[in-house]
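Here are some notes for a colleague who is opening this entry for the first time. They are set out as numbered points, to be read beside the structure.

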Amino acid sequence: MSAAQTPKPTWTGRVRDAAVEALPPEKLLPDGQPTYVASWIYIFGVASIAALVVIIGSGTILALKGPAWWHYTGIGHFFNSIHLWAVELFFFAMVVHLWGKYWMAAWRGGRTRVWITGAVTFLVAVPTALTGYVSQQNFDAQWISTQAKDGLNSVGVGAFFNVTNFGQMYSYHVFLLPLAVVGLVAAHVLLVRRHGVVPPFELDRTALATRLPQDGGPPPAAPDDGDPPPGPTGVTS
Amino acid sequence: MITVLAAVFNLNHPAHVVEWHFIQLSVANLIVIALMLVVFAMAIALPFPGARARATARRTGGDPK
């Protein structure tokens, strides 16, 4: 064992070694990605994060000004609308990204935790949004909270969450659940960096070779000269 | 501007809903779901700008950028 690999005597040193081993700088901040990452599906993943940034920013302003601010000021209404539409875009982009990754079987190649953190982010984002809707302090919130109360009671968890309690729901909405969503997204991105983006399925070259001439397409390429599923070395900026 | 939008989207009525057995969805939510399906299909079908050129450049040993 070299000197560099000798376990450090302090826990901070050991944590640093473990972090650098898990995510060396070239993996954490790569300057290239495999060619198959050039796909619209990943645009929607990035769009989800961009929307989340806007959600956190506008939500921070709303939290600083208090839950009634948006009711009686124009600027408050503006930031509330920014917050709402950023949430709509967040879910829209996240669902498209999730569908794409499901059909790509993105859990292949030891990427189970990448898939699970992404899917759980969606599941945690749902109550995060719900607690926001019931924190509006208007008739809409009253209607949604009473409907949610019946729904939660019907599945037997009503004793743990009182959706008609504004203080409890507001605490969930502005602190606990956003913390969970941001933590999950951060873990998801770091796991993607560590394991890399899942490569596409390999083509069935036998089936391809028999199909292409019938379709009038170009003859199939030799196995060693074609366009193989790009590996980690086929990088592009 | 708000008046113009209000003329286009009259929200001064109960939401339109679609009911099928126990499933009840607002038309607005159905439109969003349909849009997501359309955008998902487009994300799969449409080529990503520059992807083909970069792949070709990589195969031929050219500059992939």
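1. In this predicted model, helix α5 of chain A meets helix α2 of chain B through a short list of residues. On the α5(A) side these are A:F92, A:V95, A:V96, A:W99 and A:G100, and on the α2(B) side B:M36, B:V39, B:F40 and B:A43. Sorted by class, the residues of this contact are eight nonpolar and one polar, with no charged residue.

2. How do the two helices lie with respect to each other? The axes of α5(A) and α2(B), the latter spanning residues 27-45 of chain B, come within 10 Å and cross at roughly 50°. An angle between 35 and 65 degrees is neither roughly parallel nor roughly perpendicular, so α5(A) and α2(B) count as oblique. Their crossing is right-handed.

3. Helix α5(A) also packs against α3(A), with the axes 7 Å apart and an angle of about 155°. Angles over 145 degrees count as roughly antiparallel, and α3(A) and α5(A) are therefore described that way. The crossing of α3(A) and α5(A) is left-handed. The residues of this contact comprise 18 nonpolar, nine polar and two charged.

4. Which elements supply the largest nonpolar core? That core holds 25 residues, and A:A51, A:I55, A:F90 and A:A93 are the members that touch the most others. Two or more residues come from each of α3 (40-65), α5 (74-103), α6 (112-133) and α8 (166-195) of chain A. Helix α5(A) gives the largest share, seven residues.

5. A:I55 is worth locating in the display. Beyond its neighbours within four places in sequence, A:I55 is in contact with A:H83, A:A86, A:V87 and A:F90. A:I55 and A:F90 are both among the core members that touch the most others. Another core, of six residues, lies apart from the largest one. Its members include A:V114, A:L191, A:V197 and A:V198.

6. The overall make-up of chain A can be put briefly. The chain has nine helices and two strands. Along the sequence, these elements follow the pattern α-α-β-α-α-α-α-α-α-α-β. Of the 237 residues in chain A, 24% are buried. Among contacts in chain A with a separation of 6 or more, 70% join residues 24 or more positions apart.

7. Two backbone positions deserve a look. Most residues other than glycine have a negative phi. A:Q137 has a positive phi, near 60°, and is not a glycine. A:Q137 sits in the loop between α6 and α7 (139-154) of chain A. Is A:Q137 buried, partly exposed or exposed? A:Q137 has 14 C-beta neighbours inside 10 Å and therefore counts as partly exposed.

8. The other position is B:H21, also not a glycine, with a positive phi of about 55°. B:H21 lies in the loop between β1 (17-20) and β2 (23-26) of chain B. Residues with 12 or fewer such neighbours count as exposed, and B:H21 is exposed because its C-beta has 5 others within 10 Å.

Key. Residues numbered from 1 in each chain as written. Chains lettered and ligands numbered in written order. Predicted model: local features only at pLDDT ≥ 70, side-chain atom pairs only at ≥ 80, totals over all residues. Core = buried A, V, L, I, M, F, W, Y, C linked by C-beta atoms within 7 Å. Buried ≥ 20, exposed ≤ 12 C-beta atoms within 10 Å, placed from the backbone. Helix = DSSP H or I, 4+ residues; strand = E, 2+ residues; numbered from the N terminus. Contact = placed C-beta atoms within 7 Å. Axes fitted to C-alpha atoms, helices over the stretch in contact; angles between N-to-C directions. Parallel < 35°, antiparallel > 145°, perpendicular 65-115°, else oblique. Left-handed = near helix turned anticlockwise from the far one by under 90°. Nonpolar A, V, L, I, M, F, W, Y, C, P; charged D, E, K, R; others polar.
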